[in-house]
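Student: Hey, got a minute? I have a structure open and I'd like to walk through it with you.

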Amino acid sequence: MEPERYELSEPSRYTFTLERREFMRVFGGGLVVMVAAVDLLAQESGRGRAQGRGETPSLAAWLHIDEQGHVQVSTGKVEIGQNIRTSLAQTVSDELRVPISAIAMVMADTDKTPFDAGTFGSQTTPRMAPQLARAAATAREMLIDQAAARWQVDRGTLAARNGTIVASDGRTLSYGELTKGQALSGTVSAQPSLQPAAEWNVRGTSPGKVDGRDFVTGRHAYTPDVTRPGLMYGRIIRPEGYGGTLRRVDDGGAFAMAGVTVVRDGDFLGVVAPTERAAARAAAAIQATWNVPAGQPSSDTVYDYLKKNVDRAVAPAIEALPMPAGVVRTFDATYRIPYIAHVPLEPRAAVAEWQDGKLTVWTGTQRPFGVRTELSETFRIAEDKVRVIVPDMGSGYGGKHTGDAAIEAARLAKAANRPVKLVWTRAEEFAWAYFRPAGVIDIKSGVDANGRILGWAFDNWNSGNSGLQTPYDIPAASNVFHPSKSPLRQGSYRALAATANHYAREMHMDTMARALGIDALEFRFRHLKDARMRAVLTAVAEKSGWPKPSVAGRSLGIACGTEKAGYVATSAEVSKTPAGFKVERIVIAFECGAIVNPDGLKNQVEGSVVQALGGALFEAIDFADGQVRNGTMEQYRVPRFKDVPAIETILLDRRDIPSAGAGESSLIAVAPAIGSAVRGFGQVDTALPIRLLKA
Amino acid sequence: MARYQLRVNGKDREVDAEPGDSLLSILRYDFGLTGSRFGCGEGQCGACTVLLDGAGARSCVTKVGSVGSKAITTIESLATGEHLHPVQQAFLETEAFQCGYCTSGMIMATVGLLKTNPNPSEQDIARLMDRSVCRCGTYPRIVKAVRLAAQRMQTTTSSEGGR
């Protein structure tokens, strides 16, 4: 996988070392299997296991079975709504042969789970799940060894089943009986015997979300619901615009309020109060004036700005790549992609508590260990004096990689010498989080007399390099990413730049097919060798009735792509309305290797389609003079019930292919499918969101 | 600051507040009923939805001074012990959530909706729930969950009526 600039924000500079005795002291007894992070890397690079170097390998995960047979599995991954608490438990359940109900997943707590770089890039299923599978298989084999020794029988006559080891004569020993009074520890063996996907029992099925009841009863405590003894409440007073520095503060009004502390530290300005409402009132009572840099780009001028402010000048592909001999016709286009916001329903929030020089922070982040580093650096304390705990989150979509709220709450808590809760308002969430990068994409392509693409030049300014490379078979292709200085704070977003790059590429494929009078599906097939891409396209074409829309007068569009090792094709059927167009029906086919949880995957794919509708149809940050101008839920429209068309999902299960992550890739072909469909009614603007220019 | 008497989940509660303070803030911070979530504070996302005298209301823009004697029902009182309300059960079975942050509000909005419209069509549901946001995009499942709950509650009601 190509590194994505906006996701790999920092290398991990922390190694988790483990004292085994300490571990056993903590657990009391039972069986522990540790997964060394180096194991996986060594195996993947074909170098075999690193051994005999006398070092404690850094841990990736561990699995513990206690004397009652309860299983605890620890991973630094975060549950964001992508359902890994359930899918990882399925993996362990399958390999360890225990019911899912016997497994507790311990996740995203820097004091209790091994280092993890973060939950992003759809890496949990392809990387963490195999590690846990091997840990579970190793534990299972150790238990079989224990039973064989106890019964004095050949281990080959024993089987693991439903939390017990079963002998050929019918005798059984439960895992709890086997681990009772023991202190067994192991590391994952090089080649534990894993179930092939064809023999999965629990993976490949759809058990419900393991803690689903906590969500339908409202019992689940997200970060804003965390409470502590003596808790106080914080608010931040924000600059009047980006880059604002504090000029003058009149805090007399807040100061006079009972129990209110005003915290000013450089340009940081906040309040702490005994209640949430008192904090809001105190913040409102503060009169602050700010110096905001003038002449900041706006959402209208940003595209020129991005092209003029590249990190380093590299010749654009559209200029550097000569069109090969045989090209008889060329096509040029420019696409503009606006900044968009993640709008997680759970705003950024944190509860921070200082106790005896140690800082504990509950916060919603996709990078608990990264936030620990941020806190350690900000407050100049050792990382082992910082604990970050992430309650299962009210989503993130790539928007919660940083520790803003954690740092702010910790600063306030330090000043107040009490635990402090800070929950960002929606206005803060819109203005002071970060955005999916805006970008400009220029394309030049050339075809021969038979309509075959011979040359392809593609320049992406600032959006990012995910999905940059074309999947089409083109003799001369050059795809270049030009990082720029972004006027707004930008970062990761579900599927990253793959959405922008696929929009431009697929719309351009559609442009060429139309101009050449070739069916858009046929045109793609002529340039596609990859059987997996052809398979998803074929599935969508069949289900959608390509090329005929299901209702006369409607228009059908199609697009495809691959991202994070998943393959997707999408068709969109649109109708004409007085205001423009309406999306009536989406058919999507997705293939991500062997499917771990079919219903969970379907949920992710449908959700991705809905989320992608927002960027395709109406989401764009409107900004000028260092301020967001549409930073409310009323003004910044996200998809709602009435926006949702009929969605038909086809999941292609390839048990012969390792599972890829599936939380992101199915976004990427929605916008170009809609855009190409709308072209059936007239010219479409080259900027997102999609606009019908004239009928 | 005034003292307000509120009827919350069948119990009388008292709170000192300004008349313009939001009901959501009081539920969450004074009464510890955190199942109603803060999403936007604008009445636009529905994560804070509760029932006032049986009708869905956005507690984040409901001023405590306007509640009066109306009965407030939150997600915490919907289940009877471990026995889930049919709407909760339907959401659970159809897995009509991903991150779950909107779920309390969606469930309360559904309970309110079914009181006035016991057999809503898919179009009715989309129209009447349109101001509730699921950012994870599980709308198709929520529609299914509402339909399932409606069917079951109608069956229950008619069989009870027959007795």
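Student: Let's start with chain B. What share of its 163 residues is buried?
Tutor: Buried residues make up 55% of chain B. Keep in mind that this is a predicted model.

Student: OK. How many helices and strands are there in chain B?
Tutor: Chain B has 5 helices and 5 strands. Going along the sequence, the pattern is β-β-α-β-β-β-α-α-α-α.

Student: And how does its radius of gyration sit with a compact globule?
Tutor: It agrees: for 163 residues a compact globule would have a radius of gyration near 15 Å, and chain B has 16 Å. Its C-alpha trace spans about 45 × 40 × 25 Å along the principal axes.

Student: What about H1 in chain B, how many of its residues are buried?
Tutor: Helix H1(B), residues 23-30, is mostly covered, with 7 of its 8 residues buried. Those are Leu23(B), Leu24(B), Ser25(B), Ile26(B), Leu27(B), Arg28(B) and Asp30(B).

Student: Arg and Asp in there too, noted. What do the buried residues of H1(B) pack against?
Tutor: They pack against strand E2 (11-17) of chain B and also against H8 of chain A. Just past the helix, Gly32(B) has a positive phi of about 70°.

Student: Which residues of H2 in chain B are buried?
Tutor: In H2(B), residues 86-94, the buried ones are Val87(B), Gln88(B), Ala90(B), Phe91(B), Leu92(B) and Thr94(B). After H2(B) comes Glu95(B), and its phi is positive, near 45°.

Student: You mentioned chain A. How many residues does each chain put into the contact?
Tutor: Chain A gives 47 residues and chain B gives 42. On the chain A side, the elements that give two or more residues are helix H6 (212-216), helix H8 (276-285) and helix H17 (598-617).

Student: Which of those gives the largest share?
Tutor: H17(A), with 7 residues. By class, the side of chain A that touches chain B has 19 nonpolar, 15 polar and 13 charged residues.

Student: Let's stay on chain A, then. What's the overall picture?
Tutor: Chain A has 18 helices and 29 strands, and buried residues make up 53% of its 695 residues. The radius of gyration is 27 Å, which agrees with the value near 26 Å for a compact globule with 695 residues. Its C-alpha trace spans about 80 × 75 × 50 Å along the principal axes.

Student: Which domains is chain A divided into?
Tutor: There's domain 1 (20-207), domain 2 (223-293 + 348-423) and domain 3 (495-694).

Student: How far apart are the C-alpha centres of domains 1 and 2 of chain A?
Tutor: They lie 38 Å apart. As for contacts, 15 residues of domain 1 of chain A touch 16 residues of domain 2 of chain A. The domain 1 side divides into 5 nonpolar, 5 polar and 5 charged residues.

Student: Switching topic: there's a sheet in chain A with E14 in it. What's the strand order?
Tutor: The order is E14-E19-E20-E21 (chain A), an open sheet of 4 strands with mixed pairing.

Student: Which strands stand at the edges, and why is one side of each left without a neighbour?
Tutor: Strands E14 (329-337) and E21 (476-482) of chain A stand at the edges; each has a single partner strand, so one side of each has no neighbour in the sheet. On average, neighbouring strands of this sheet are turned by 10° against each other, direction ignored.

Student: And how many bridges join E19 to E20 in chain A?
Tutor: 8 bridges join E19(A), residues 439-447, to E20(A), residues 453-461, and the two run antiparallel. In that pairing, Val447(A) stands opposite Ile453(A) in E20(A).

Student: Which helix packs on the sheet?
Tutor: Helix H14 (498-516) of chain A, which touches E14, E19 and E20 of chain A. The direction of H14(A) makes about 145° with that of E14(A).

Student: Last one: where is Gly491(A)?
Tutor: Gly491(A) is in the loop between E21 and H14 of chain A.

Student: Buried or exposed?
Tutor: Gly491(A) counts as buried because it has 21 C-beta neighbours inside 10 Å; the cut-off for buried is 20 or more. Gly491(A) is also 6.0 Å from Tyr434(A), C-alpha to C-alpha, although they are 57 residues apart in sequence.

Conventions
Residues numbered from 1 in each chain as written. Chains lettered and ligands numbered in written order. Predicted model: local features only at pLDDT ≥ 70, side-chain atom pairs only at ≥ 80, totals over all residues. Pairing = 2+ DSSP bridges. Axes fitted to C-alpha atoms, helices over the stretch in contact; angles between N-to-C directions. Contact = placed C-beta atoms within 7 Å. Rg over C-alpha atoms; globule rule 2.2 N^0.38 Å. Buried ≥ 20, exposed ≤ 12 C-beta atoms within 10 Å, placed from the backbone. Nonpolar A, V, L, I, M, F, W, Y, C, P; charged D, E, K, R; others polar. Domains from an automatic or database assignment.
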